[in-house]
Amino acid sequence: MTEVLRRYGPVLTGVILLAVAVWLALLVVLPQLMMIGFSFRPSLPPSKLGGPEDVFTVKNYLTLWTNQIHLAIFLKTIWASALVTATTLAVCYPVAFYLAQVAPKRRLPLLILMLVVPFWINELLRTFSWYIILAFNGPLNALLLGLGIIDEPQRFLGGDGGVIVGMVYVYILFMVFPLYNAIESLDRNQIEAARDLGAGWLRIHRRIVLPHAKPGIAVGCIMTFMLAAGSYAVPALLGGPNSRWFTEIIYNWFFEGGNWNQGAAYAFILLVLCIGFILGAMRLFRVGLADIAK
Amino acid sequence: MTAARLRRLLTGAYLVLFFGYLFLPLGIMAAATFNSSRFPTVTPWMGFTLGWFQALWEDQRMWAALGTSLLVGAGVIALAVPLGLAAALLLDRLHSRARTFLYALMVSPLLTPGVIVGISTLVFWREWFGVSGGLFLTVVAQSSFIAAYAMLLFSARLERFDPALEEAALDLGATHGQVFRRITLPYLMPAILSAALLAFLQSFENYNTTLFVRGLDTTLTVFIATKVRTGLTPAVNALSLVLIALTILGAVVYEILRRREARRQAGSAVALETA
């Protein structure tokens, strides 16, 4: 602290501390605490707030256990997000490895730019592009009909399948960059040495590349899972009433059910799920927080 | 030798597939803009038209939503960039446990699902200040995590900053204010510009957080989502195409500037070593 004061002087230090305090207290910590506290209170009309009925309760959390439909949607959100995460990892690993270790140096800037550009494009627009592809009269149905694979157009939209396909597409870039960064720092001589000593390519990946890429895999999986489980845009656009996502249930508590306390409890459950996944991945891959937020 | 060639062939095919997968959907979406079908599709092709751009141009609600997005974006730049800058300046001078703790707290909004950022902001401001959803809360909620992106950008640049410059200026009698204005800020200027650009883009494309705190205001991204669900015409594709074109332009410019800056720094490092 004295070093901060020595470098910036009293006035500037005061401004810096005030700004950081405003950010962390008013914008980050207090809202989270408020939301959690709110979730342990019953939903009451304003006249009864602070009255005898305004007590601590876990009722809002029990709702998830007693409501079979919500519980099923919650569990579906977990496995579907895990599936999205595993699929993006499988799709991205070869590309990341190629870019980081195999690609010729002069071709690399263009390839990276081709990865960066879609990354900048609005998530909602990327989702929308799949809405058009998967539409009943869309190009995918036309293609499959033309190839004779199906006899009549299929409904791809409005189901879990469409949502999962869309999520893989939308969140794939959050996997490919962490993987690329991790594999890029691997010394190519290690691969050469393993090959000289007679290791096959499968063994090289299992024993050398994958262990080295662990932090990247952890970061990619954490980001992808968090984005998938917390996604609202993709299920809203590509899903339907039969493929609701947990975030849509939360939204409905707020803006259709009018029960904010209940919605806050569900939101906290979603947050706990994501924190649990982060801690699990950090432990599994043995990485720290500083490796994650880069 | 044949095994190696086969592997190269497979790798090449996979790359073509991968990049095709990345770009083909966007291409199809763009192509549907020019089809004179009432529903956006490329099959069947009903003839070329530019009419959907005109329909878009005449849509008053689109212009209103664009205005809202620009306003929110400006607000986020004004709030999140200074917050991120202050955070990075503080972190740069802290060590050990305090730094780790603050850092974890600062990046936590990036690891929180966007809907939760929106919900917690909505609940907190209504309960404490009686403020309900609208432009102000949208700016506040978006800034709470966009400030973290700004902080990361500033921290990366401060890592390469030579504190001796500041100390020399202080020794020569400059005040802290002068040092900050004349040395620290100019050094950080490229990062301030990138942070502002990133903050604006993040704000502009945000949907999950905005949805909960927008009140009755409609940003352009919310407008598009509403249009897709109710009243979808290829005018939405026209809007998407315009936004994508602008984004690609911005991304390419940003990348070129970033690479030039990286080369310049590498160059000055070499010059210093040879001097």
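**A two-chain helical model**

Trainee: Among contacts in chain A between residues at least 6 apart in sequence, what share joins residues at least 24 apart?
Mentor: Two residues are in contact if their C-beta atoms, placed from the backbone, lie within 7 Å. Taking the chain A contacts between residues at least 6 apart in sequence, the share that joins residues at least 24 apart is 73%.

Trainee: Before we go on, what kind of model is this?
Mentor: Residues are numbered from 1 along each chain as its sequence is written, while chains are lettered from A and ligands numbered from 1 in the order in which they are written. Local features need pLDDT (the predictor's confidence in each residue, from 0 to 100) of at least 70, side-chain atom pairs count only at pLDDT 80 or more, and totals for chains, interfaces and linings use all residues, for this is a predicted model.

Trainee: Good to know! What ipTM does the model score?
Mentor: For chain B, pLDDT averages 87, and 96% of the residues score at least 70. The model has a pTM of 0.89, alongside an ipTM of 0.88.

Trainee: How many helices does chain B have?
Mentor: Helices (H or I, at least four residues) and strands (E, at least two) are DSSP runs, numbered from the N terminus. Chain A holds 14 helices and zero strands. In chain B the strand count is zero too, and the helix count is eleven.

Trainee: What radius of gyration does chain A have?
Mentor: This radius is taken over C-alpha atoms, and the globule rule is 2.2 Å times the number of residues to the power 0.38. The C-alpha atoms of chain A fill a box of roughly 75 × 75 × 35 Å along the principal axes. A compact globule of 294 residues would come out near 19 Å, but chain A has 24 Å.

Trainee: Is A:Leu125 buried or exposed?
Mentor: A:Leu125 sits in helix H5 (residues 123-134) of chain A. A residue is buried if 20 or more other C-beta atoms lie within 10 Å of its own, exposed if 12 or fewer, and partly exposed in between. Because A:Leu125 has 24 other C-beta atoms within 10 Å, it is buried.

Trainee: And which residues does A:Leu125 touch, not counting residues up to four places away in sequence?
Mentor: A:Thr247 lies 122 residues along the chain from A:Leu125, with 19 Å between their C-alpha atoms. Leaving out residues up to four places away in sequence, A:Leu125 touches B:Ser240, B:Leu243 and B:Ile244.

Trainee: Which helix gives the most to the side of chain A that touches chain B?
Mentor: In all, 67 residues of chain A are in contact with 69 residues of chain B. By class, the chain A side has 55 nonpolar (Ala, Val, Leu, Ile, Met, Phe, Trp, Tyr, Cys and Pro), three charged (Asp, Glu, Lys and Arg) and nine polar residues (the others, Gly among them). With 20 residues, the top contributor to that side is helix H1 (residues 2-39) of chain A.

Trainee: Which helix provides the largest share of the largest nonpolar core?
Mentor: A nonpolar core is a set of buried Ala, Val, Leu, Ile, Met, Phe, Trp, Tyr and Cys residues joined through C-beta atoms within 7 Å. The largest has 164 residues, and those with the most contacts inside it include A:Ala267 and B:Ala87. The largest share of this core is 16 residues, from helix H3 (residues 60-92) of chain B.
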